[in-house]
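User: I'm at the bench planning my reading of this model, and I'd love a close look at one part of it. Could you pick the cysteines and walk me through them, with whatever surroundings help me picture where they sit?

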Amino acid sequence: MMTFYSSVAVLLVFLWCFCEVSLTETQNHGFTVELIHPNSPKSPIYNIMESELERVSKVMQHSMNRIHYLNHALFVSSPNKNMPESTITPFMGLGYMMNYSIGTPPVQLYGAIDTGSDLIWFQCKPCSKQCFNQTSPMFDPLKSSTYKTIPCSSPTCKYLQQKGNYCSSNKKDNCEFDIVYDDKSDSKGDLSVETLTLNSNDRSTISFPRIVIGCAHKNNLQVDGIVSGIIGLGRARLSLISQLGSSIGGKFSYCFVPYFSKLPHSSSKLYFGNRATVSGPGTVSTPLLQSFKGGLFLDNFYITNLEAFSVGNEIIKLEQSIFGFGKGNTVIDSGSTLTSLPKDVYSKLEYAVSSMVKLERVKDPTKQLSLCYKTPFEKKLEVPIITAHFSGADVKLNALNTFYQTDHEVWCFAFVTGAQFPRGVIFGNVAQQNFLVGFDLQKNIISFKPADCIEQ
């Protein structure tokens, strides 16, 4: 399991997206970020030489790695020698990434957005001996007039020391962070404050001064590409959401365009502030819960309670409390493609679905999923609606939320079992497609509203 010697107890990874920020109203009224999946033709890392099957296979492998990682981080109370180690892929694989700027004058960076992290960190100069191959410009703090390290005596550093953070050993009295992953790779550097700027499509900008960031000078990570680090969107004190605070009213939301949209150049959206409000006909909300693991508050995660699934007349109930204190059994995770279920729940759900689908069963060409059907590309996929019964909120999942196209005429059930982790649920982003999903940290609720995300 990952050990985090900085601002977060556990580091999840990542809601990745290439972003251009569209600031169509003032800061007080909120703003919108365009999200582009790396497999989208709009992505600067889109590989035209790859086949669709190769792209899908990478997404599936990433999702399985991430689910294993998150299940281990969230639901395992003690190490198990018989349990396979989590596979760490570059920034945990494919997802959504963000374009932003840091410093004065601003330097453009690409960051992986993570709804389970509360630290914004990126690779910094000097980083000549231990750093990953970053193809985009690397931030040099010596060239920024607004960069300032945080001393060990600061309240921020003292807060972090409660979570294992430490001060520098070079007598500079700087507050430092060290993130260590399951495979012993790590990232370490200075905790600092800096100006973070979001850039709009019309070239207007919005800047947030004195944002706490991690300037990483040593990065023992197997990563290549334009991404420079992570932008944490978690619940704890140092996430971007928490640091923006009253300027966004503690609210953000997103709307994911279906992966296999007939408009491949359409983009998903990330909303902040009043723009993030999810309301109106069809909106349902469920409490955002506080949960604990091993006596530690899981303050980074967006945890709620999933009571049951229903398919037709079949009702499949779930265990309600899995963390030891308080209710909560489900993490709403925008970085995982698939949804992970306890083994017994998955078996019952797969059986209920398979008994109602009258299509030809085939094998998954990616060799990752167990329930797949063949259907002509131009034909509508006929599968039953699955209702996710959260506490106080029934979310109806149709075919594009429950099946994933893995080949030209093959659709597979977008649910898997966390076999070694029998209790919790990771609610992935396929299940959230064409929903406005809102997080309100003042009201402590997560809201869902059916939407056409292409038109949002």
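Analyst: **The cysteines and their surroundings**

Let's start with Cys 127: its relative accessibility is 7%, so this residue counts as buried. Cys 131 takes part in no disulfide, and the cysteine sulfur nearest to it, at 3.5 Å, belongs to Cys 127. A disulfide needs the two sulfur atoms within 2.5 Å. With 29% relative accessibility, Cys 131 falls in the partly exposed class.

Please keep in mind that this is a predicted model. Across the protein chain the pLDDT averages 79, with 75% of the residues scoring at least 70. Two stretches call for caution. Residues 1–26 stay under a pLDDT of 50, although the model gives them 148 contacts beyond four places in sequence. Residues 77–93 also stay under 50, and for them the model has 38 such contacts.

Now to the bonded cysteines. The structure holds four disulfides, and I'll go through three pairs in turn.

One pair is Cys 124 with Cys 215, whose sulfur atoms are 2.1 Å apart. This link brings together distant parts of the chain, 91 residues apart: Cys 124 is in the loop between strand E6 (121–123) and strand E7 (133–134), while Cys 215 belongs to strand E12 (residues 205–220). The S-S torsion is about -130°, so this disulfide is left-handed. Both Cys 124 and Cys 215 are buried.

The loop that carries Cys 124 has another feature worth finding on your screen. Pro 126 is also placed between E6 and E7, and the peptide bond leading into Pro 126 from Lys 125 is cis, with omega near -5°. A further cis bond runs from Thr 104 to Pro 105, with omega near 0°; Pro 105 lies in the loop between strand E4 (97–102) and strand E5 (107–114). As background, most peptide bonds are trans.

The next pair is Cys 157 and Cys 175, with sulfur atoms 2.2 Å apart. Its torsion about the S-S bond is 90°, a right-handed link. Here a helix is joined to a strand: Cys 157 sits in helix H2 (residues 155–161) and Cys 175 in strand E10 (residues 175–180), so the pair ties together parts that are 18 residues apart in sequence. Both Cys 157 and Cys 175 are buried.

Then there is Cys 255, which a disulfide joins to Cys 453, S to S 2.0 Å. The link is left-handed, with -80° about the S-S bond. Its two ends lie 198 residues apart in distant parts of the chain, with Cys 255 in strand E15 (residues 251–255) and Cys 453 in the segment after strand E34 (445–450). Both Cys 255 and Cys 453 are buried. By contrast, Cys 127, where we began, is in no disulfide, and the nearest cysteine sulfur, that of Cys 131, is 3.5 Å away.

To place all this in the wider fold, it helps to look at the nonpolar cores. In soluble globular proteins, nonpolar side chains tend to be buried together. The largest nonpolar core here has 70 residues, and those with the most contacts inside it include Tyr 100, Leu 270, Leu 349, Phe 413 and Phe 448. Leaving out residues up to four places away in sequence, Leu 349 touches Phe 413 as well as Phe 309, Val 311, Ile 316, Leu 341, Ile 386 and Phe 415. A second, separate core has 17 residues, among them Trp 121, Tyr 159, Phe 177 and Ile 230.

One last landmark is helix H4 (residues 343–354), which lies across E25, E26, E29 and E30 and runs at about 140° to E30. Those strands make an open, antiparallel sheet of four in the order E25-E26-E30-E29, with E25 (360–362) and E29 (403–407) as its edges. Inside the sheet, E26 (residues 372–374) and E30 (residues 410–413) pair over three bridges, and Tyr 373 has Trp 411 as its bridge partner in E30.

Methods. Residues are numbered from 1 along each chain as its sequence is written. This is a predicted model: local features need pLDDT of at least 70, side-chain atom pairs count only at pLDDT 80 or more; totals for chains, interfaces and linings use all residues. Side-chain values use heavy atoms; hydrogens and water are left out. pLDDT is the predictor's confidence in each residue, from 0 to 100. Contact means heavy atoms within 4.5 Å. Two strands pair if DSSP finds at least two bridges between them. Axes are lines fitted to C-alpha atoms, for helices over the stretch in contact, and angles run from 0 to 180 degrees between N-to-C directions. A nonpolar core is a set of buried Ala, Val, Leu, Ile, Met, Phe, Trp, Tyr and Cys residues joined through side-chain atoms within 4.5 Å. Buried means under 20% relative accessible area, exposed over 50%, partly exposed in between (1.4 Å probe, protein chains only).
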